[in-house]
Each structure stands twice: as structure tokens, then as C-alpha cells.
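Colleague: I would like to learn how to read a few features of a structure, beginning with the packing of a helix and going on to charged side chains. Could we take them one at a time, with the general idea before the case?

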Amino acid sequence: MFRNNYDGDTVTFSPTGRLFQVEYAMEAIKQGSITIGLRSKKHVVLVALKRNADKLSSYQKKLIKCDSHLGLSLAGLAPDARILANYIKQQASYNDMVYGKKINLNKLGELLALKAQKTTQTYSGRPYGVGLLLAGKDNLGVHLLEFQPTGNVIELYGASIGARSQGGKTYLENEMENYLEVESLDELINHGVNALKQTLKDESLDISNLSIGVVGEDIDFTILEGKNVEKYL
Amino acid sequence: MNHDPYSWGRPSDSMYGEYNREIANAPTSMEQHTSSSNFNEHTTRPIVTGTSVVAIKYKTGVVIAADNLASYGSLLRFQGVERLHKVGKTTVVGISGDISDMQYLVKVLDQLSMDNNYDNDEYSDNVDELQPSYIFEYLSNLMYHRRSKMNPLWNALVVSGVDSKTGEPFLQYVNLLGVKYASPSIATGFGAHLAVPLLRRLADSEEQAAELTLEEAKKGIRDSMRVLFYRDTRSSKNYSLAIIDKDAGITYDNNVDVEDMSWKFAKDIKGYGTQKV
Amino acid sequence: MTSVGTGYDLSNSVFSPDGRNFQVEYASKAVENGSTTVGLKCKDGVVFGVEKIITNKLLVPGKNRKIQTIERHIGCCYSGLIPDGKHLVNRGREEAINFKNTYGKPISVSAMSERLSQYVQAYTLYNSVRPFGISTIFGGVLKNENGGNDKPELFMLDPNGSCWGYKGIATGKGRQTAKAELEKLITSEIYDLSAFTARQAVQEVARILYLAHEDNKDKDFELELSWCSLSETDGLHKFVPKDIYEEAIEHAKIEVGLADSDDSDEDEDMEPEAEE
């Protein structure tokens, strides 16, 4: 029987130069429920589909606020995301305290990349099993970043990660010209919710399973849940 | 005055009586070096020093000046020492006090601007530039941190510049105690006594500073430097002058001389040097 | 592959009976499909170029820079696993700070090359780590007044830790085409290190990257160009300014025959001068 000898840890290259353990970590994102991020010139919106373990349980949080100007949504292992969110919070508050400045998103991306890369080059530990979408603003405007367990951090106009994320990505690609030019925040949120709807199979969106995060030049990072998302359904 | 460096900054015995060491049970720093003791002593006095830095805001920027002298006690030890330092594109930090601590600070500031430039595309329209406020915040944290470790950097710093995004002039002060403040005009050292009154005559409030022209501000600084050279024995005739303007950027002249002086009165002063009274 | 199944290729730091370290060789494989990366020396500096394949339509154009700055006067680009590159650049920056604190002047490019190659080599020694999956091209020029010698230097560092100086070098997917073009250029009359300017080098690097992209034609790409030159950037590593960048791209398109205005063919065939 075929057995892959090269996928046992992150310190073994396959003969073709691949790192299977890291690729498997990328798969963990797809096990998580979907989250989508998109931006216009003035705003960034994150939308996410929350899951619950059973009917009586609460829903797993999908969005985390990290600073007044910065927050994230996650797909994959939520505990891993909390570790990373904690790190982001530390870095953000360090910047605030030492320089009196909100952290630069690009700089934050570089820091996360370095942190994640370490786990892919050493035997101890494992790569992070989570993908993040970071939404925030800094001196250079608004930004949407995607973080991957590989240590890749990229800046995008739209991103879709998690289970059945392809439908959302296709929507984002086709509609890019439209939502990029959108002036109003509500309209951008509607685009986000529409993209999310493309990915649903059995479930439907309601006020209990939809989370929305927004940030823009005129608004700090804010999470909308429950009643507050009703008008976007 | 007692010219022994170990007595600098201590209350004079003639005025206050000899210090009773029994009270604090502390050895002098001289004894410190010879006897083993159970506590650490860090810097207790500056050694080679730079004197005043003076600065004033005007309509669209800041003018700042400091002379180019480093004194060793009352000896005018080094000339041509630069005490105004450019950091980033729109900030000048003026440093008075201990020169070796200043040299350390210059290294720190160099690394600060290097850190800011990493992965910060310099040619795009959108650069997240180092602003005077960031530099000041960093320096004031550093100064307070060091004094809290009882190991201060023996300096008084003046951070001057303009915010490259808003064009707002910036002027703030922090010293070895971590004390900080902002004002339309700032001077360190002797300048705090001799130059500030002159500068406040030009701009006593932010509103007045916002009306001040560059020429008026420059004249104020030149006058201050002249008065300081007259009266501060640790100052030099040669000084540096920097103008940070929101439109013109930094203009920097490191070879200005104090002008329009008259020393005619000098021959009438008695009681100094080798002359007979 | 003969190595597969022997068991000697499963762990880093292990030699096979014929004296090979397979994990390091596999790391090089990660480089071979990376983005094409070129470095070229000119009379008073170096020029870097990277081909960035647009893998995702949603990427923000002009962002996600691949070329990085190690020190004010040292630029760096790499091909292979991008996060590994960021790790190495970060180490380079630490080395630069360290050097400055110890010796009170900026590190020379060659001293940097020694420190970085030692670091990369160390990652081939232990089974608790894996080698770097990148080939790194870095270089620059350290001004005389900063303790340098005004001479440009350019190096390429491989996953095994070996590091060589070059006049021009390429790595990544299109390296064969790019290296052939570099050889043609460097052996030609145009390339005279006492006269070949940074602007010329920018044009050549852009042209070479466009040529190397030919095998990959169906994919869109963005070019990134940076330089470090005494005359153009005062010895600082910077991205090539917009006007010069666009001129180089224009020129490259004409040379490769992609431009709409087809007035090319001036010196299409640069005969390699037999200069030996």
C-alpha cells in the first residue's frame, strides 16, 4: 500500500520540495465554517457563518476585536486563532504605548508571517491550523489581509476562506469592480452577505448564525451580531 | 564655585553646612569606588556636556538651535559637536546634557528610523512615515524607563518637527527625569532661564505662535543664542540652526555664528581671571 | 528518483552512503518552481527584479512586495518558500544591527553574506529543523564614507549554505532563460563594469524577466524592480521610481515583441561577444 513517508512532520521536504504537514494545516482551514472579507476604498467588512455543536449549545465566535482599529475573523482551529489574536493584541498595544501610534497593518502582517513561519521550520510544535482575515485601518487607509498557516500573509480586495469558500471567492472576483467603488458601508455589507449566501448548502442565514465585522475611515472596528444583523439578512 | 567634578550638582557646604552622611548612611561616590558596597550606583552626574537647546514654533514649522560645543566641566573640550539630529523626514531632535548619552541616543534614533523603513515602500505615494509625535513618545518612554531603573540618560531633549500628514508644527520636551511638556517655545538648561522669556515675548500661546513668521522666529532664536553666548560660560559662538517647515522640509545650517555682539563692557568687569581688582 | 525508498532522504542532517544530503537537495526543489528572480551588478550598484505571477485576482496591485531591504544599502529577493525568505531577511536585519552595535559602522555586503550563509548552513546540520526552501539573491553597495569601498557586491545563497558572488544571477522557474540572457549580456560589449549604468541594468533586468516569462505566457504577472546605486539612490536600497520603472517595462515589452507599437528589432540579437 502506498504510504507517504514525507508527511510526518514539518521538517521533512518531499522529493519535489513540498511540505506536506504544512499543506495539511492548510486543510484544517477548510474544516472550519466560512468567513469572507471584502473592502472598498473606505471600509472593510468581514462576514462569517457561526456554527453550534448542537441545538442547545451556543455558537462558536468567529470574530475577534484586537484593537480599536483592528479585528479579525477566523476559519479553522479557534483556539489557535485565539493565540494569534492575543499576539496581535500585544503588538497593537505595544505600538500604542511606545510610539503613540496605531499599528501599521503591513507591519503586523510581517510579524504574523515570522511567527507562523517558525512553526514550519522546527520539529517541536505544529503549524497553526487556522486561517485569519484581518481587517483594519492605519495611516495608509483601510486594509484586508489574509493570514495562512504557511506564513504567507497577503493583502487583498476580497478573501473567502473555510468550508465551501470557492462560491464566495467566485462572487468576490466577479463583483470586485462593484464593491470596490461602493460608498456606503451598508451596501458593502450587503455584498459580503451576498457572497456568503453563495456558499450555503443546507443551512440558511439568520440572526443567530451571522456575524459581521466592520471597520472604516469613519468607524472603529465593530462587531455586529444578533438583532444588529437583521437588516442585512 | 567648587571646580571638583565630584561636587557638581551637590548643595554647597558653605551654604548648607557639610552633608551628614550618617543620615543616609551613604558613602560618597569616591568611597564607593574604593570600598565594597552592597548597592549599585549608575550615572550620578554628566561628564562631557552640551549646553542649551532653544526652539520656537512659527506659522508653518519650528526653528531650533543648539551650539556645537561639548564641555568637560568648565573646559571647552570639543568644538564642532553636532547636537541637532535629523530623524526621518520631518523631525529634528535637539539634545543637551551628557554627550556620551547623546551619542547613544543617536544610535537608538538611527535604528528607530531603520525599523520604520523596513517593508515601508519609500517610493509609493503612501509611506507610513515616522512622525515627530512617534519619536517623542518613544523617547519620553525611554527616558522615563531609564530613570525608573535609577540609570537615567543624563539629557534634556527637544523634539521638533512637523507632522507630514497634517502639516501641524510639533515641539515637545523631555528630560532625564521623564518629565515632559509641550510649549510654543522651549529651551533646555540655561536657556530655560535666559531664552524662554525672550521667546515668550514673541509667542506666549499656541495662537500667537500660529501667527509668527519664519523671520520673526529666526530672529527670536538668534537673539536667544546671542544672550546665551553672553551669559552662559559653557556656550560657544558657533552654533547649528535647523528649520523644519511643512512645505520646505528641513533646512539645516551647522555653521552659524552669533553676531551683533558688543564686548565693550568687558574691560570694566573686575574680579575674574588674573587681573588685579 | 533513486533516493526515494532508501530511507536516507527522510531526515535532515543525514548522509546517504554516497555522501549526499537529500533533504537539502529536496529543499532546492522548492526553489525551482519559485518565481523568477534576477540580480545584476552595474558600475556603481546592483539591480534586483522579481516576476510576480498573479495567482489570485483579488490581490491588491502594487502591494505584497517581494523584494525586501536588509540594511539601508542591502537589498534582498528570493525564490521558493516566501515565508522562509522573510525569516532569513529578519535574521539579516538582526545581523546588521549587531554588526553596527559592535563595530560602529554598517555591515559590508560580503560580511553579511558570510553571516547569512553560516545561518542557512546551520539549518542543514540538525534533524530538528529543515533547510531553507529558498535561494536568496542579495547585494548592494556600501559608501566609502560609511566605512565601505564604493564597490557594488552581489551574491546568491542556496539552501545548502553555499554563497557565491556574481555579476549577474537568476533563480526560480525561469532561471535557465534568464541565466542564458545574463551570460549573453555580460559577455557582450554593452556590459563594461566601468560604464554600465544602473538605469541600463534596470532595463536589462526588466527585459530578461519578460523573456523568462515566455514559458509561462498564459499567466498574468507583475514586475518588481529595485536598486541600490551610488549615483541613483545615494547608496540606499530603494524601489525603482515610477517613471523609470514604466520606461523599463515599455522597453522590455518592445524587446520581447509584446508592445502594440512594434518598432523593435534594434538590437534583438545580441551576439555574445567572444571575450575569452
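Colleague: What covers the buried residues of helix 9 of chain B?

Modeller: The general idea is to take the buried residues of an element and list what contacts them. In this predicted model, the cover of the buried residues of helix 9 of chain B includes strand 2 (53–58), strand 3 (61–67) and strand 12 (238–245), together with helix 6 (191–194) and helix 7 (196–202), which also belong to chain B.

Colleague: Which residues of helix 9 of chain B are buried?

Modeller: The buried residues of that helix include Ala217(B), Ile221(B), Met225(B), Leu228(B) and Phe229(B), and also among them are the charged residues Lys218(B) and Arg226(B).

Colleague: How far apart are the end C-alpha atoms of helix 9 of chain B, and what span should its residues give?

Modeller: One compares the expected span with the distance in the model. Helix 9 of chain B (residues 214–231) has 18 residues, so at 1.5 Å a residue it should span 26 Å, and this agrees with its end C-alpha atoms, which are 26 Å apart.

Colleague: Turning to charged side chains, how many salt bridges does the structure hold over all chains?

Modeller: There are 41 over all chains. For each pair, one asks where the partners lie and how accessible they are. Arg93(C) and Asp119(B) form a salt bridge with their closest N and O atoms 3.2 Å apart, and this pair crosses between chains, from helix 2 (residues 82–103) of chain C to the loop between helix 4 (99–117) and helix 5 (132–148) of chain B. Because its relative accessibility is 8%, Arg93(C) counts as buried, whereas Asp119(B), at 23%, counts as partly exposed.

Colleague: Which parts does the pair of Asp84(C) and Arg130(C) tie together?

Modeller: These two side chains meet in a salt bridge at 2.7 Å, N to O. Asp84(C) lies in helix 2 of chain C and Arg130(C) in the loop between helix 3 (109–122) and strand 5 (134–141) of chain C, so the pair links parts that are 46 residues apart in sequence. Both Asp84(C) and Arg130(C) are buried.

Colleague: Where do Glu95(C) and Arg91(C) lie?

Modeller: Both are in helix 2 of chain C, four residues apart, which is about one turn of the helix. Their salt bridge has its closest N and O atoms 3.1 Å apart. Glu95(C) counts as buried because its relative accessibility is 10%, while Arg91(C), at 27%, counts as partly exposed.

Definitions and conventions. Residues numbered from 1 in each chain as written. Chains lettered and ligands numbered in written order. Predicted model: local features only at pLDDT ≥ 70, side-chain atom pairs only at ≥ 80, totals over all residues. Heavy atoms only, no water. Salt bridge = Lys/Arg side-chain N within 4 Å of Asp/Glu carboxyl O. Helix = DSSP H or I, 4+ residues; strand = E, 2+ residues; numbered from the N terminus. Buried < 20%, exposed > 50% of the residue type's maximum accessible area, 1.4 Å probe, protein only. Expected span 1.5 Å × (residues − 1). Contact = heavy atoms within 4.5 Å.
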